[in-house]
Amino acid sequence: MDRVEFTVSFYLLFRLLRMIASNNERLEPYLTPLIVVLSLIAFSTWIIAPVSNLFLRFNTYGQLLLDKKEKLSSNFVAASLCLFICGLLLYFLLGDERMLTIAVFGFAMMLPLGTMFSPSKNKYGLRMYTIALAVVGFVAIVQTFLIGEIFNSTTVVFVFGFVGFQWVANYMLIKEDNH
């Protein structure tokens, strides 16, 4: 099974489990944790290399194995991880739901920041998409704090942009692997 077939099969399985869980109250308590675990596994496949590079980055000898782009990417992932942790801590300390937007932004940005230097035909495509997504996410956070609504129009644009990033990145990386 190649990368495209696996991605489509995984997505269809995920959608099927969500549909079964929403239509069957008796199975929902069992399927919901499975769906969460599958989501985490899917997300981890995207960030495992940058997180591994992050561990190497903090090792005296391990950092010698990383090239310049891998070091830069691991720095960005580290900053994003710190933002996620800070957002969660602030949420639990202050009880302010707006802090969750910071946590979600930090968590979500690990994916594009970890893959933006991946080789593809369009050398700057993933980088530009990542920068645009970061700007939209930052504006969404500012808008959340200004108007007090977590789910505002910019937040919705960020979520769609994040989901779109996964499809665009998959397309670009698969296209690169096939040539």
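This is a short talk about a few features of one predicted model.

Okay, hi everyone. Remember as we go that we're looking at a prediction. Let's start with helix α3, which runs over residues 68–94.

Here's a nice little check you can do yourselves. Helix α3 has 27 residues. At 1.5 Å a residue, those should span 39 Å. So how far apart are the end C-alpha atoms of α3? They're 39 Å apart, so the model agrees with the expected span.

Now look at the start of that helix. Asp 67 caps the N-terminal end of α3. You can see how: one of the side-chain oxygens of Asp 67 sits 3.1 Å from the backbone nitrogen of Lys 69. At the other end, just after α3, we get Gly 95, and Gly 95 has a positive phi of about 70°.

And which residues of α3 are buried? They're Ser 73, Ser 74, Val 77, Ala 78, Ser 80 and Gly 87. Those buried residues pack against two other helices, α2 (28–57) and α4 (99–115).

Moving along, let's find a salt bridge. The structure holds one, and Arg 98 makes it with Asp 96. The closest N and O atoms of that pair are 2.8 Å apart. Is Arg 98 buried or partly exposed? Its relative accessible area is 26%, so Arg 98 counts as partly exposed, since buried would need under 20%.

Keep Arg 98 in mind, because Thr 144 touches it. Thr 144 lies in helix α5, and at 0% relative accessibility it's buried. Leaving out residues up to four places away in sequence, Thr 144 touches Arg 98, Thr 101, Glu 149, Ile 150, Asn 152 and Thr 155. With Glu 149 there's a polar detail too: the backbone oxygen of Glu 149 lies 3.4 Å from a polar atom of the Thr 144 side chain.

Last stop, the rings. The structure holds four aromatic pairs. One of them is Tyr 129 with Phe 165, 5.3 Å centre to centre. The planes of those two rings are 70° apart, and the pair is edge-to-face. This pair links distant parts of the chain: Tyr 129 is in helix α5 (residues 125–147), Phe 165 is in helix α6 (residues 153–177), and they're 36 residues apart. Their surroundings also have different labels: Tyr 129, at 24% relative accessibility, counts as partly exposed, whereas Phe 165, at 0%, counts as buried.

That's my tour, thanks for listening!

Note on methods
Residues are numbered from 1 along each chain as its sequence is written. This is a predicted model: local features need pLDDT of at least 70, side-chain atom pairs count only at pLDDT 80 or more; totals for chains, interfaces and linings use all residues. Side-chain values use heavy atoms; hydrogens and water are left out. Helices (H or I, at least four residues) and strands (E, at least two) are DSSP runs, numbered from the N terminus. The expected span of a helix is 1.5 Å times one less than its number of residues. Buried means under 20% relative accessible area, exposed over 50%, partly exposed in between (1.4 Å probe, protein chains only). Contact means heavy atoms within 4.5 Å. A polar contact is a pair of N or O atoms within 3.5 Å; within protein, one must be able to donate a hydrogen and the other to accept it, and residues adjacent in sequence count only if both atoms are side-chain atoms. A salt bridge is a side-chain nitrogen of Lys or Arg within 4 Å of a carboxyl oxygen of Asp or Glu. Rings of Phe, Tyr and Trp (its six-membered ring) pair if their centres lie within 6.5 Å; planes under 30 degrees apart count as stacked, over 60 as edge-to-face and the rest as tilted.
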